[in-house]
Amino acid sequence: MNLLPKDKNGCPYLQLAPMEGVGDRCFRKSMASIGGFDEAVRDFLRVPSNAHVKSLAKVYEADELAPIPLAAQIMGSDPDLMAQMAQELVQKGALRIDVNCGCPSNTVTGRGAGSSLLKDPNVLLEVAAAVVRAVTIPVTLKMRSGYEDISLFDENVLAAQESGVCYITLHPRTKVDGYGPPARWDLIARAKSLLKIPLVGNGDILTVNDAVTMLRTTGCDGLMIGRGSIINPFIFHQIRAHYSQIPYELKWEKLLGFLDTFMAETPNDFSAKLRVNKLKQLLGFIFKSNPRLMEKRQQVLSALHQDHETFLAFAMALLKESWNFSNR
Ligand SMILES: Cc1cc2nc3c(=O)[nH]c(=O)nc-3n(C[C@H](O)[C@H](O)[C@H](O)COP(=O)(O)O)c2cc1C
């Protein structure tokens with residue numbers, strides 16, 4: 001089965017990246033209201049060594065974005081617990097499980113999980129293979145290019161393949177890089193040349209041109225986009241439009257729907273302050289790409305104390321005035 005099918009116009013399979021904290025349920029639902037991507041990956045579910053696996057698996061909802069599938073991602077270093085967690089997620093309806101070998105956070109790596117798995121290809125192999133053996137649904141793996149450096153890059157990529165995962169997603173920065181230096185797309189090309197299984201390319205796709213260039217220069221089989229989708233929630237449609245050669249008609253109502261969903265999905269038990277903070281985070285990304293909008297960010301945020309509808313009308317008027325779609 002081809003897990004990364006192209007659309008009828010030859011557009012590669014497009015995925016919304018997992019982004020713990022920023023790309024939460026509110027954001028994923030807002031993105032789904034705009035659409036354009038084939039699948040999303042949920043941010044990681046941590047599997048600590050003494051986990052109550054069942055209760056952790058509860059927060060995953062396979063049909064959260066229906067009809068768009070939402071893959072589950074798990075992060076940990078204990079092969080048995082990872083396998084148990086995978087089985088719980090299958091019970092919850094997961095159609096695909098992704099093994100996180102990339103999270104750079106020190107609290108995570110301190111426990112040997114996330115990007116720490118890249119320190120030893122044998123450990124990576126053991127953890128991923130345990131998940132593959134535990135379930136019958138597709139298991140995939142998302143990795144960075146290394147921990148401190150890329151000296152084990154080839155070994156890690158090949159260990160991932162040997163574990164039996166269906167495909168790999170590569171974010172070509174090391175743990176030490178964080179999000180600093182540009183993603184090394186040459187390493188996506190390198191991985192592609194080493195692998196027999198498919199590869200999803202990820203990292204620094206901010207425009208349609210970036211997407212097309214990554215595909216052309218690396219030969220990867222699918223694309224995953226994270227921050228680029230927060231800055232421009234229409235990016236998936238615009239990439240698709242490039243392949244269909246029918247321009248994507250940008251509609252303000254869609255952006256309104258995006259913000260509306262975001263407000264509506266913010267949990268009711270969130271205090272007004274938390275709500276503002278969440279929106280601040282989202283608008284921070286959207287506005288960052290546009291200095292004219294950045295000037296107006298404070299105005300939008302001060303309008304947040306008004307009721308939902310008044311706020312949306314106000315925010316939209318500002319966005320409409322300042323967001324130059326033609327630059328995208
Ligand atoms: C705030 C934030 C949270 C992230 N959380 C996760 C995560 O839970 N799991 C994961 O595999 N990657 C996570 N990532 C990495 C992204 O999925 C992606 O690999 C990275 O941002 C590079 O892609 P981009 O340039 O398109 O954003 C996170 C990234 C950010 C910025």
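**Warm-up.** Which residue just after α8 takes a positive phi? Gly219 does, with a phi of about 75 degrees.

Before the exercises, a word on what you are looking at. This is a predicted model, in which local features need pLDDT of at least 70 and side-chain atom pairs count only at pLDDT 80 or more, while totals for chains, interfaces and linings use all residues. Residues are numbered from 1 along each chain as its sequence is written, and side-chain values use heavy atoms, with hydrogens and water left out.

**Exercise 1. Describe the protein chain as a whole.**

Step 1. Take the secondary structure: the protein chain has 14 helices and nine strands. Helices (H or I, at least four residues) and strands (E, at least two) are DSSP runs, numbered from the N terminus.

Step 2. Turn to burial. Of the 328 residues of the protein chain, 55% count as buried. Buried means under 20% relative accessible area, exposed over 50%, and partly exposed in between (1.4 Å probe, protein chains only).

Step 3. Look at the contacts, meaning heavy atoms within 4.5 Å. Among contacts in the protein chain with a separation of 6 or more, 71% come from residues 24 or more positions apart.

Step 4. Finish with the surface: the protein chain exposes about 14,500 Å², and carbon and sulfur atoms supply 52% of it. Such areas come from the Shrake-Rupley method with a 1.4 Å probe; for residues, only the protein chains shown count as cover.

**Exercise 2. Work out which side of helix α8 is buried, and what covers it.**

Step 1. List the buried residues of α8 (residues 208–218): Val208, Ala211, Val212, Met214, Leu215 and Thr218.

Step 2. Find their directions. They lie on the same side of α8 because they cover an arc of only 165 degrees around the axis. The arc is that of the directions from the helix axis to the C-beta atoms.

Step 3. Recall the helix geometry: an α-helix has 3.6 residues a turn, so residues three or four places apart point the same way.

Step 4. Check the other side of α8, where Asn209 and Arg216 are exposed.

Step 5. Name the packing partners: the buried residues of α8 pack against α7 (185–194), β8 (199–202), β9 (222–225) and α10 (235–244).

**Exercise 3. Follow the packing to helices α7 and α6.**

Step 1. In α7, the buried residues are Trp185, Leu187, Ile188 and Ala191. Viewed down the axis of α7, these fall within an arc of 150 degrees, so they line one face of the helix.

Step 2. The cover over the buried residues of α7 includes β6, α6, β7, β8 and α8.

Step 3. In α6 (residues 153–162), Phe153, Asn156, Val157, Ala159, Ala160 and Gln161 are buried. They pack against α5 (121–134), β6 (139–146), β7 (168–174) and α7.

Step 4. Inspect the end of α6: just after it, Gly164 takes a positive phi of about 100 degrees.

**Exercise 4. Place strand β6 and its residue Val139.**

Step 1. Eight of the eight residues of β6 are buried, so this strand is largely enclosed by the rest of the structure.

Step 2. Find the neighbouring strands. Five bridges join β5 (residues 97–101) to β6, and the two run parallel; five bridges also join β6 to β7, again parallel. Two strands pair if DSSP finds at least two bridges between them.

Step 3. Pick out individual bridges: Asp98 has Thr140 in β6 as its partner, and Leu141 has Ile168 in β7.

Step 4. Zoom in on Val139, which is found in β6 and counts as buried at 2% relative accessibility. Leaving aside neighbours within four places in sequence, Val139 is in contact with Ile97, Val99, Val131, Val132, Val165, Cys166 and Tyr167.

**Exercise 5. Map the surroundings of the ligand.**

Step 1. Count the neighbours: 18 residues surround the ligand, each with a heavy atom within 4 Å of it. The closest are Pro18, Gln73, Asn202, Asp204 and Arg227.

Step 2. Look for polar atom pairs. A polar side-chain atom of Gln73 lies 2.8 Å from a nitrogen atom of the ligand, and a polar side-chain atom of Arg227 lies 2.8 Å from an oxygen atom of the ligand. From Phe44, a polar backbone atom is 3.2 Å from a ligand oxygen atom.

Step 3. Assess the cover: taken alone the ligand exposes 610 Å², and the protein buries 89% of that.

Key:
A residue is near a molecule or strand if one of its heavy atoms lies within 4 Å of it. A polar contact is a pair of N or O atoms within 3.5 Å; within protein, one must be able to donate a hydrogen and the other to accept it, and residues adjacent in sequence count only if both atoms are side-chain atoms.
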